[in-house]
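User: I am new to this structure and would be grateful for a close look at a single part of it, the sheet, together with what surrounds it. Please show it first and then explain it in a connected way.

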Amino acid sequence: MEFRFDVRPIFTNQIVRINSNLLPSTFVGDRRMAIDMANKVSQIINEMGEASAKAQGLNKPVTTSQKLRLTDQMVYLLGDNDHGRHGAVVGLLKVGQKSLYVFDENGETKMVDAPCVLDFYVHESRQRSGLGKTLFETMLREENYKPEKLAIDRPSDKLIGFLRKHYGLEKTIPQMNNFVVYEGFFGNPSSDPNSHDGRMHMTAGPNTALFGPQFINDECKKRASKSWEPQNSPTTIPLVQSSPVGRYAAPRPMCSMAEIIHSSATAAAGEPNREL
Ligand SMILES: CC(=O)SCCNC(=O)CCNC(=O)[C@H](O)C(C)(C)COP(=O)(O)OP(=O)(O)OC[C@H]1O[C@@H](n2cnc3c(N)ncnc32)[C@H](O)[C@@H]1OP(=O)(O)O
């Protein structure tokens, strides 16, 4: 894509990384130069964002300079300084961290802070010539991301093919949202005993509605701290059980009316131990 102005000063490297200040991370210059450069980068991002949306059949762009200003996301731009008199911009890739609720391989809900691929576009005249791979590889290196750890926001068929071809990503873990995650997304759980691993106890019951989901590890820790309680005691019923049929099979909280009607001793047999 060509612009009225010369894009070559922006592309001191073939690929430049832009953050919310709309300046390439390699930028050196005074205030006036910074304002001029940010204006040009802003136009590039807006036009490339428009082109990307059009290529994906979206009503409005996912990437605009205005949105980038308000986030800590990163845009990678790929330039071609040998094109014409002013050079050209041929690719855009936007990534960033997002907090997502995702299902793991067992259908358990997890809250994760995941690196996400949010927008990706190579100009039509340059697709399928390896430029997308060059752009993606640079992003992985700069951000220190692993392909299988990325969540992909509504990938197009072309991007699905791209990820399969270059990174062998094929098997997805079904999700309820627009994000696609691949096998390998959930690596080894954290070895830090104080950190929760993101697994949530979510049910349709009132406890979740009132207090929100709870981290499973937090419950496990609470139980572990009751050292006087034998771990294999028949009355020790785990608050959270991993169930073969997923989160809907999680134990429901005891109804207080049921507690009044029935003695608490008998109720405990089939319900979670809420004393914990
Ligand atoms: C989260 C999101 O951003 S989803 C939206 C992704 N973006 C789009 O769909 C916009 C239109 N597509 C594009 O801009 C580009 O095709 C990209 C960014 C997906 C890939 O960039 P490219 O420069 O074409 O990638 P690169 O040349 O490195 O790799 C080519 C591979 O990508 C896939 N691919 C690229 N173009 C196509 C296409 N037209 N049809 C099918 N697969 C394609 C194929 O796997 C291809 O390998 P192949 O040619 O051996 O079949």
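Analyst: The account below begins with the whole chain, proceeds to the sheet and its strands, and ends with the helix packed on them and the surroundings of the ligand.

The model is a predicted one. Its chain has 276 residues, of which 26% count as buried. The secondary structure comprises eight helices and nine strands. Among contacts with a separation of 6 or more, 57% are made by residues 24 or more positions apart. The UniProt record, an unreviewed entry, places the feature "domain: N-acetyltransferase" at residues 1-186. That span is 30% helix and 27% strand, and its end C-alpha atoms lie 38 Å apart.

The sheet itself is open and has seven strands, in the order E1-E2-E3-E4-E5-E7-E6, with mixed pairing. Its edges are formed by E1 and strand E6 (172-173); each has a single partner strand, so one side of each is left without a neighbour in the sheet.

It is convenient to enter the sheet from the edge at E1. E1 and E2 run antiparallel and are joined by four bridges. Within this pair, Ile 18 has Val 75 in E2 as its bridge partner. E2 is in turn joined to E3 by seven bridges, again in an antiparallel arrangement. Here Val 75 stands opposite Lys 94 in E3, and Leu 77 stands opposite Leu 92 in E3. Val 75 therefore figures in both pairings, since it is the partner of Ile 18 and also faces Lys 94.

E2 deserves particular attention. Seven of its seven residues are buried, so the strand is largely enclosed by the rest of the structure. In a regular strand the side chains alternate between the two faces of the sheet. In E2, Met 74, Tyr 76, Leu 78 and Asp 80 point one way, while Val 75, Leu 77 and Gly 79 point the other way. Both sets are buried.

Beyond E2, the next pair is E3 and E4, which run antiparallel and are joined by 13 bridges. One of the residues in this pairing is Val 95, whose bridge partner in E4 is Val 117. The two strands form a hairpin with five residues between them, and in this hairpin Gly 107 takes a positive phi near 80 degrees.

One helix bears directly on these strands. H1 has 26 residues and reaches 37 Å from its first C-alpha to its last, close to the 38 Å expected at 1.5 Å a residue. Its buried residues are Val 41, Ile 44, Ile 45, Met 48, Gly 49 and Ser 52. An α-helix has 3.6 residues a turn, so residues three or four places apart point the same way. The cover over the buried residues of H1 includes strand E1 (15-18), helix H2 (65-69), strand E2 (74-80), strand E3 (88-103) and E4. Just after H1, Gly 57 takes a positive phi of about 70 degrees.

H1 and E4 also take part in the surroundings of the ligand. There are 24 residues around the ligand, and those that come nearest are Gln 127, Gly 132, Lys 133, Ser 156 and Gly 161. Two or more residues of this shell come from each of helix H1 (31-56), strand E4 (109-122), helix H3 (131-143), strand E5 (151-153) and helix H4 (157-167). By class, the shell has 10 nonpolar, seven polar and seven charged residues.

Two loops that follow strands of the sheet complete the picture. Arg 128 lies in the loop between E4 and H3 and has a positive phi of about 60 degrees, although it is not a glycine. With 10 C-beta neighbours inside 10 Å, Arg 128 counts as exposed. Arg 154 is placed in the loop between E5 and H4. Arg 154 is likewise not a glycine, yet has a positive phi of about 40 degrees. Its count is 14 other C-beta atoms within 10 Å, and Arg 154 is therefore partly exposed.

Conventions:
Residues numbered from 1 in each chain as written. UniProt positions renumbered as here; feature names shortened; annotations may be inferred. Near = placed C-beta within 6 Å. Nonpolar A, V, L, I, M, F, W, Y, C, P; charged D, E, K, R; others polar. Buried ≥ 20, exposed ≤ 12 C-beta atoms within 10 Å, placed from the backbone. Expected span 1.5 Å × (residues − 1). Contact = placed C-beta atoms within 7 Å. Pairing = 2+ DSSP bridges.
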